[in-house]
Amino acid sequence: MYRSRPKGNLEPESLNFMSSLQVDNEIASYDILGTQAHVIMLYEKNLLRLEILKKILCELQILRRNPKQLEMKGCEDIHEALETHLVKKLGIEVGGRIQTGRSRNDQVILDVRMKARDEINSISSKIIILIERILRKAEENLDSVMPLYTHLQQAQIGNLAHYFLAYSEQLFRDLERLSFAYTGINKSPLGSGPVGGSTIPIDRKRTALLLGFEGLITNSIDATSSRDAILELMSTLSILMVTLSRIAEDIIIWSTQEFGYVEIADNFASTSSAMPHKKNPDPLELVRSKTALVAGNLLTAITILKGLPSGYSRDLQDLKVVFLNSLSVVSSSLGISDAIIKSLMIHKRRMKQTVLDSYASSIDIAEQLVMKKGLAFRTAHRLSGSLVKLAISKKMVPLSSLSKHELEPIIVETSSHLKVEELLKILAEVTPEKSVLLRSSEGSPNPVQQKLAIKLLKVRAQKYSDKLAKRRKHLNYALDSLENVVSSYTKM
Ligand code: ARG
């Protein structure tokens with residue numbers, strides 16, 4: 001179709017190598033919409049006759065309803081396929097006009113931006129669903145006391161709700177980053193031509209409006225060859241995957257027999273071809289590995305871009321491939337994460353037992369000695385540490401079971417100047433079970449604070465949901481209006 005200067009057809013090997021058709025089906029519908037907007041604008045600017053516009057729009061509508069009719073064979077990409085189809089159906093005098101004042105270079109990035117817009121909205125809505133699910137889980141697990149971990153060693157006592165609340169905070173930031181990326185993406189590059197605009201008096205603002213964009217990427221070099229908005233989105237997607245991957249990792253660890261805190265539902269677990277007892281969290285492991293794919297895609301995109309001269313180069317086609325891949329991986333990873341969390345079984349008793357067997361309340365004991373007896377924190381830390389050492393040497397007895405005569409030498413050794421009765425009282429009060437109730441700092445796992453946090457986070461989720469609905473409404477309104485304009489011409 002495009003070979004006005006080169007002689008003959010492309011070598012099949014070369015055509016195959018250059019083709020982007022394997023991924024272009026993902027942007028095909030946007031290519032048609034973009035073409036509709038473009039020819040309507042050409043007509044409005046007296047650059048196309050009405051009967052030609054009608055013919056093109058009718059054929060594009062047929063294709064929209066039945067995309068399979070689009071013959072791809074022999075074409076390098078969706079843009080060539082679309083023009084070839086129109087020329088074949090309507091003749092060159094009609095079909096051969098769609099590329100007036102436009103090039104594949106502004107066309108492809110238009111399609112990619114339109115696809116990105118829709119995907120950001122759909123991914124955002126999946127995040128909101130996941131956040132709401134996690135907040136419900138937090139509510140159900142305010143009483144699920146468990147150790148909180150650092151270095152994957154028991155650290156302080158908390159509850160499962162605290163992990164869920166942490167996940168939702170992270171996911172909110174992912175949402176925020178996506179919303180920021182949306183603003184960068186939602187600008188029209190159409191009408192920039194191959195690199196330097198056009199002598200044809202097109203109206204770029206009109207096509208941007210018809211396609212629901214908030215303004216233009218004005219500079220024609222920038223519009224056709226910058227991909228920083230895509231990189232920004234890919235970074236955001238990579239960070240989101242890191243959030244999902246760390247959630248997956250927690251669940252993977254907690255579902256081992258050694259921890260036994262949670263269990264994923266059977267219909268999400270894989271098994272072993274050899275060991276009949278196995279119940280493996282494979283989908284979560286794949287969320288972990290897919291995070292590497294998405295992060296790798298980002299690095300691929302950055303590496304493709306960093307050495308390119310300004311202006312379009314075909315390398316950008318491969319950037320499109322990894323970008324589309326990231327969108328689809330993120331979307332499916334969110335779906336599976338939500339489904340697994342939804343059906344997650346929580347073994348509260350097992351968690352509680354671990355807490356009862358742990359010495360993770362030792363920091364609370366030290367803090368109570370500071371608060372109630374005025375000890376320097378370091379002295380209290382030494383005292384509490386010595387108690388733990390002694391309890392461990394006595395085959396892991398609880399701290400509250402240590403006797404008066406066992407405590408006395410430790411008080412002397414650590415120069416804590418306490419009456420032994422005072423220490424006994426604190427040990428009796430600060431049990432692992434009561435530990436979280438004594439916590440008062442903002443953001444700690446005290447259930448009173450957590451209830452407040454859940455309330456606020458739910459309001460925030462609703463706000464995001466409203467914001468997203470507004471964004472979608474605006475986009476749908478624009479595309480419905482375009483549809484109305486199209487049918488006003490096709491029905492003429
Ligand atoms: N298939 C190409 C891509 O995906 C479309 C743009 C081709 N432009 C060009 N000047 N060869 O990027």
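Helices, here H or I runs of at least four residues, and strands are DSSP runs, numbered from the N terminus; the structure shown is a predicted model.

**Close-up 1. Pro309 in the loop between α12 and α13 of the predicted model.** Pro309 has its place in the loop that lies between α12 (282–306) and α13. Pro309 is classed as exposed because its relative accessible area is 53%, and the class begins over 50%. From C-alpha to C-alpha, Pro309 lies 9.0 Å from Ser225, although the two are 84 residues apart in sequence.

**Close-up 2. The shell of residues around the ligand.** The ligand is surrounded by Ser20, Asp77, His79, Arg104, Asn105, Val108, Tyr312, Arg314, Gln317 and Lys320. Sorted by class, this shell holds 4 charged, 4 polar and 2 nonpolar residues.

**Close-up 3. Polar side-chain atoms of Asn105, Gln317 and Lys320 at the ligand.** A nitrogen atom of the ligand is placed 2.9 Å from an N or O atom in the side chain of Asn105, and for the side chain of Gln317 the distance from a ligand nitrogen atom to an N or O atom is 2.8 Å. On the side chain of Lys320, an N or O atom is 2.6 Å from an oxygen atom of the ligand. Of the 340 Å² of accessible area that the ligand has on its own, the protein covers 87%.

**Close-up 4. Helices α7 and α13 beside the ligand.** The elements that give two or more residues to the shell around the ligand are α7, spanning 104–140, and α13, spanning 315–342. With 3 residues, α7 gives the most to this shell.

Terms used:
Residues are numbered from 1 along each chain as its sequence is written. This is a predicted model: local features need pLDDT of at least 70, side-chain atom pairs count only at pLDDT 80 or more; totals for chains, interfaces and linings use all residues. Side-chain values use heavy atoms; hydrogens and water are left out. A residue is near a molecule or strand if one of its heavy atoms lies within 4 Å of it. A polar contact is a pair of N or O atoms within 3.5 Å; within protein, one must be able to donate a hydrogen and the other to accept it, and residues adjacent in sequence count only if both atoms are side-chain atoms. Accessible areas come from the Shrake-Rupley method with a 1.4 Å probe; for residues, only the protein chains shown count as cover. Ala, Val, Leu, Ile, Met, Phe, Trp, Tyr, Cys and Pro count as nonpolar, Asp, Glu, Lys and Arg as charged, and the others, Gly among them, as polar. Buried means under 20% relative accessible area, exposed over 50%, partly exposed in between (1.4 Å probe, protein chains only).
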